[in-house]
Amino acid sequence: MSLFEPDPRRPRPQPPAPPPDGTQPVDPSRGHPHPAYPADERYPGRPDQRPELALPRRPAQPGQSPQPGRRHSADRDQPPAPAAHPPQRYSSPQIPQRQLFQPASPRSAPGGRLPALLPDPSDRSLADRLPQPMEVAAARESTTRIALIYPELLGTYGDGGNATVLTQRLRWRGLSAEVVSVPAGEPVPAGCDIYLLGGGEDEPQTLAAEGLRRNKAIEHAVTGGAVVLAVCAGYQVIGDSFPAGGEIHRGLGLIGVETRRSFDPPDAPLPPRVVGDIVIEPDPALGLPTVLGYENHGGRTRSLPGASGFPFGRVVLGLGNGTADGTDGWVAGRVIGTYLHGPVLAQNPALADLMLSLVHGSLPELHGPPEVEALRAARLRALQVA
Ligand code: GLN
């Protein structure tokens, strides 16, 4: 029996008894709200505090210099140790690089049903047609509803933390938020402001795609202006198609990308799974600083000919889409797909604020938290890209 067919043996959910503390009971049709944060929660520490994060030294193995080719922040005042060999982050490709990038066979572009609310750099005139975000905000409920889609299927890599970051950044600004966690097998509510899809292994990813294809709620919500952040498996699922279990599965077609194990001729060896840090420079149209994350995927993703939108960013370190243009992710309208785990919003609060501003219009600036800024700086130094 499919996960998404009603189980006749399973009792229908009953309304829960009111909790003894008198708080609002959970409405199962609206999912499970996230435990509330204290309304007066503030950053730990003052904004002018900038703690220096010193990464711990890894003890050197006998006969080995620590972390060849890399410098810890604790080593900043020392001359760099000569690299025994260049840092190697991924398995070396098993096939010639040029074979990875065969031209795509012509595919029909997905229908233009996405509202183009983020500027597409290839269509400058779009910027003039952007609706004012405040108009959208006025039409929305005062509590921002953030749907966390199938966290048990698409949550292997901690991407649920993206919901926590969005919630907390709203609350720090005095705005209320509710995380609607949607378990697999339950209907996805169409009335949320933000939809989050995380990463997962091939099989859970296939189950998630099956459930979401039946439901269509995200497609409807996006047509109505909802914001989507889809990471890795989630990114593949919201595209046109993706591989799993030796087959190609249909995605939601929310964005015009397709994923394969490789884009090589069928007899070519598979390229290796990519696992490691990833750093990207987001498309300037997004107005974001450098975006940091972590990637772990076997799929390679490219845009379909004529697809609306643009790559999320240019890869500085890591692989991302794994296409010859050196990009990661895809942005179409208010839908953002990327290979970056992290959780990506925890490491890149500016991206969280971009998403929130699409819902609320311009928000009061919120610097920090200082710990995140210090962590970003330390990671950039450790990755030798700053
Ligand atoms: N299963 C997909 C792949 O390996 C996505 C993995 C992930 O979400 N980290 O490409």
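I began by fixing what I mean by an element: helices and strands are DSSP runs, at least four residues for a helix and at least two for a strand, numbered from the N terminus. With that settled, I could place Tyr150 in the loop between strand 1 and helix 3. I also noted that this is a predicted model.

**Entry 1: Tyr150 and Lys216**

Tyr150 caught my eye since its phi is positive, about 45°, although it is not a glycine. Is Tyr150 buried or exposed? I found 28 C-beta neighbours inside 10 Å, so Tyr150 counts as buried; the cut-off for that is 20 or more.

I then looked up Lys216, another non-glycine residue with a positive phi, here about 65°. Lys216 sits in the loop between helix 4 and helix 5 (217-223). Because Lys216 has 12 C-beta neighbours inside 10 Å, I put it down as exposed.

**Entry 2: strand 1**

From Tyr150 I stepped back to strand 1, residues 144-149. How much of strand 1 is buried? Six of its six residues are, so the strand is largely enclosed by the rest of the structure. I checked the two faces in turn. Thr144, Ile146 and Leu148 point to one side, Arg145, Ala147 and Ile149 to the other, and all of them are buried. That fits the usual pattern, in which side chains of a regular strand alternate between the two faces of the sheet.

Next I went through the pairing. Strand 1 runs parallel to strand 2, and six bridges join them. I picked out Thr144, which stands opposite Ala177 in strand 2, and Ala147, whose bridge partner in strand 2 is Val180. Strand 1 also pairs with strand 3 in the parallel sense, over three bridges. There I noted Leu148, with Leu196 in strand 3 as its bridge partner.

**Entry 3: the sheet and its helices**

I traced the whole sheet next. It is open, has six strands in the order 2-1-3-4-14-13, and its pairing is mixed. Which strands stand at the edges? They are strand 2 (177-182) and strand 13 (330-332). Each has a single partner strand, so one side of each is left without a neighbour in the sheet. Neighbouring strands here are turned by 15° against each other on average, with direction ignored.

Helix 3 (residues 161-171) packs on this sheet. I listed what it touches: strand 1, strand 2, strand 3 (194-197) and strand 4 (227-231). The direction of helix 3 makes about 165° with that of strand 2. Strand 1, helix 3 and strand 2 together make a right-handed β-α-β unit.

Which residues of helix 3 are buried? I wrote down Asn162, Ala163, Val165, Leu166, Thr167, Arg169 and Leu170. Their cover includes the four strands that helix 3 touches, and also helix 7 (344-347) and helix 8.

Helix 8 (residues 349-360) lies across strand 1, strand 3 and strand 4. I have it running at about 155° to strand 4.

**Entry 4: the ligand**

I turned to the ligand and listed what surrounds it: Tyr157, Gly199, Gly200, Glu201, Asp202, Gln205, Cys232, Ala233, Asn296, His297, Gly298 and Gly299. Which elements give two or more residues to this shell? I found helix 4 (202-215) and strand 9 (291-297). Sorted by class, the shell has three nonpolar, seven polar and two charged residues.

**Entry 5: a hairpin**

Strand 5 (residues 241-244) and strand 6 (residues 247-250) pair in the antiparallel sense over four bridges. Ser241 stands opposite Arg250 in strand 6. The two strands form a hairpin with two residues between them. In the turn I noted Gly245, which has a positive phi of about 60°.

**Entry 6: loose ends**

Where is the cis peptide bond I noted? It joins Gly342 and Pro343, with omega about -10°. Pro343 has its place in the loop between strand 14 (335-338) and helix 7.

My last stop was Leu375, in helix 9 (residues 370-382). Leu375 is partly exposed, with 16 other C-beta atoms within 10 Å. I also looked at Gln347, 28 residues away from Leu375 along the chain; their C-alpha atoms are separated by 8.0 Å.

Notes. Residues are numbered from 1 along each chain as its sequence is written. This is a predicted model: local features need pLDDT of at least 70, side-chain atom pairs count only at pLDDT 80 or more; totals for chains, interfaces and linings use all residues. A residue is near a molecule or strand if its C-beta atom, placed from the backbone, lies within 6 Å of it. Ala, Val, Leu, Ile, Met, Phe, Trp, Tyr, Cys and Pro count as nonpolar, Asp, Glu, Lys and Arg as charged, and the others, Gly among them, as polar. Two strands pair if DSSP finds at least two bridges between them. Axes are lines fitted to C-alpha atoms, for helices over the stretch in contact, and angles run from 0 to 180 degrees between N-to-C directions. Two residues are in contact if their C-beta atoms, placed from the backbone, lie within 7 Å. A crossover is right-handed if, with the strands pointing away from the viewer, the path from the first strand over the helix to the second runs clockwise.
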